[in-house]
Structure formats: structure tokens, C-alpha cells
Amino acid sequence: MKPLKGKHILITRDERQNERWAAELAALGAIPHSLPLIQCVTRNLTPALSETFAHLHQFAWVVFTSANGVRAFFDLYKGQPFTAKVAAVGPKTAQLLEDQGLHCDFIPSEYTGEALAKELVPLLAPRSDVLVVKGQLAKRTVYDILSSSDRQVIVTEMIVYDTICPAGAGEQAKRLEQKTFDYVTLTSTSAAVHYANVAPAAGIRAETIACIGPVTARAAKQCGLSPLVTASEYTVKGLIDTILNDIGGMKR
């Protein structure tokens, strides 16, 4: 049985992440289309970043708020001593850390920055140093929660990548043969903003916008996108399950 048979689904992730997801959707009978609307670019190794890496051994915890943060961090990492415990926002991020030989000591029960920070606080020793690895568009939620906790921890943010709209995304959107999609998938706030910017000029229309989580859904609403369905498990699998449930007639 192919529950997504004939459904046109637009994937808007980073290009290197689209291929595997497209295969999963095709296996369910969908007709996937790729329009990368985000590109994660590792920052150059500035003196400030080098200084942070040089003192990596002083941090009690290193917190990774995204899989892209892991990739960019290890693009820049030069083998400095790394003795800290490690926290990841979700299982995909944790798996990438494991691939780099790092054991992940903590994953929150809900894969959001807010849950990550709140659930991590009880594990922190008073006045310990915590490093938060992130992209330039990530909110300061983790920093704010950790630094305002009663543990009096010292929090340092380390921005290792920039999220941008790929050059030529608007023209690529116009070249899509399919213009109406049963679902347009959004997996980040950046993707929501970039989709809202390029879709009207390209004549793209979505029957439903499928968001990976509430933060992305909030950004989509602010961009005027609708109707929305939102995954309750903030992963690609959760997003696919949400589409399947929506097709199955579950209430939005």
C-alpha cells in the first residue's frame, strides 16, 4: 500500500538533506520535488572562534542546538582537548555527534531549545561553564534560560554557521514544472521566511503547509502561510507521520 500515492510534496531543506527524504517519500508513493531554500555555510575561523576552541577544555558542557551546528563545529575543530559533557537538541544531532566519536550525555524529552535548556539546568554544577553552539539565526532561548537559572552558570555562545537563502532559489522555483503541491514541507523558520519570499513570484501554490514543529509553524503564520499542519515529534519522521495522519483525515 502506498499511502502517499500521487501526492506532490515539495521539500525545502538544505540540498544535501533532500535526497534521502525524497527517497522516503517516494517509497510511500509520493512524488517528491526539491527546492532547497536554506543553505548552511560554515563561518571562517576567526580569532574569536579560535580563542573559544583553545579554551574548549574549560567548559563543563557543550550544547549543540542543531545538526547543522555539529557539522559546522567539526568543520572548524582542529583536535583541541574536548573533555566536556555533551547535550544535543534531538536524536539526529546526537547521531551526528556519535559519528564524530562524541558520546551524547543528554537529549531533552522534547526536541526544542526551550526544553533542552530547562531540562539541562538540574544537571549543571553551580558556576560551571557552558558552551552553546548555534547558527546566527538561532534565538537566544538556550542562553537566556541557562544564564538566568539559579545555578549561576557562565554561558558562552559560539556561532559557527550562517543560514542563508541559496543563490538563485527564486529562479529555481520558477523553473519547477509542478506549481501546485499537496504539501510544502518546512523544517525551519528560515525555510518558512524564504518560501514566503520566493513562492508568490514563482506561482507556487500549496494546498497545505507541513511544519516540523511549533516554532516553524509560528514563523509560517507570521509570513501569512496557511493552512498548516504541525508535527508533534519534531523530526523528519514526525513530519512524514503528520502528513500521513492529515491524509487519513485527522483534525488539524
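Colleague: Buried means under 20% relative accessible area, exposed means over 50%, and partly exposed is in between. This model is predicted. By that scale, is E157 buried, exposed or partly exposed?

Modeller: E157 lies in strand β7. Its relative accessible area is 23%. That value falls between the two cut-offs, so E157 is partly exposed.

Colleague: Which residue forms a salt bridge with E157?

Modeller: The closest N and O atoms of the pair are 3.0 Å apart. A salt bridge needs them within 4 Å. The partner sits in the loop between β6 (129–135) and α6 (141–147), so the bridge ties together parts that are 17 residues apart in sequence. At 41% relative accessibility, the partner also counts as partly exposed. It is R140.

Colleague: Which residue is linked with R140 and E157 in a network of salt bridges?

Modeller: The bridge between E157 and R140 belongs to a network. The residue that joins these two in the network is K134.

Colleague: How many salt bridges are found in the whole structure?

Modeller: E157 with R140 is one salt bridge. R20 with E24 is another. A search of the whole structure gives a count of 9.

Colleague: How many residues apart are R20 and E24?

Modeller: Both lie in helix α1 (residues 15–27). Their closest N and O atoms are 3.7 Å apart. R20 is exposed at 65%, while E24 is partly exposed at 33%. Their spacing is about one turn of the helix, or 4 residues.

Colleague: R43 forms a salt bridge with D162. How many residues apart are they?

Modeller: R43 is in the loop between β3 (39–42) and α2 (47–54), and D162 is in strand β7 (residues 154–164). Their closest N and O atoms are 2.9 Å apart. Still, the pair links distant parts of the chain, with a separation of 119 residues.

Colleague: Are helices α3 and α4 roughly parallel or roughly antiparallel?

Modeller: The axes of α3 (residues 67–76) and α4 (residues 91–99) come within 8 Å and cross at roughly 20 degrees. Angles under 35 degrees count as roughly parallel. So α3 and α4 are roughly parallel.

Colleague: Which residues of α4 make the contact with α3?

Modeller: The crossing is right-handed. From α3, the contact uses A67, V70, R71 and F74. By class, the contact has 5 nonpolar, 1 polar and 2 charged residues. On the α4 side, the residues are K92, T93, L96 and L97.

Colleague: Is F74 buried or exposed?

Modeller: F74 is in helix α3. Beyond its neighbours within four places in sequence, F74 is in contact with L97, Q100 and L102. Its relative accessibility is 15%. The cut-off is under 20%, so F74 counts as buried.

Colleague: Where is the residue R127, which has a positive phi?

Modeller: Most residues other than glycine have a negative phi. R127 has phi near 60 degrees. At 57% relative accessibility, R127 is exposed. R127 lies in the loop between α5 (113–120) and β6.

Colleague: Is the peptide bond from S226 to P227 cis or trans?

Modeller: Most peptide bonds are trans. P227 is in the loop between α9 (214–222) and β10 (228–230). The bond from S226 to P227 has omega near -10 degrees and is cis.

How values were computed. Residues numbered from 1 in each chain as written. Predicted model: local features only at pLDDT ≥ 70, side-chain atom pairs only at ≥ 80, totals over all residues. Heavy atoms only, no water. Axes fitted to C-alpha atoms, helices over the stretch in contact; angles between N-to-C directions. Helix = DSSP H or I, 4+ residues; strand = E, 2+ residues; numbered from the N terminus. Parallel < 35°, antiparallel > 145°, perpendicular 65-115°, else oblique. Left-handed = near helix turned anticlockwise from the far one by under 90°. Contact = heavy atoms within 4.5 Å. Nonpolar A, V, L, I, M, F, W, Y, C, P; charged D, E, K, R; others polar. Salt bridge = Lys/Arg side-chain N within 4 Å of Asp/Glu carboxyl O. Buried < 20%, exposed > 50% of the residue type's maximum accessible area, 1.4 Å probe, protein only.
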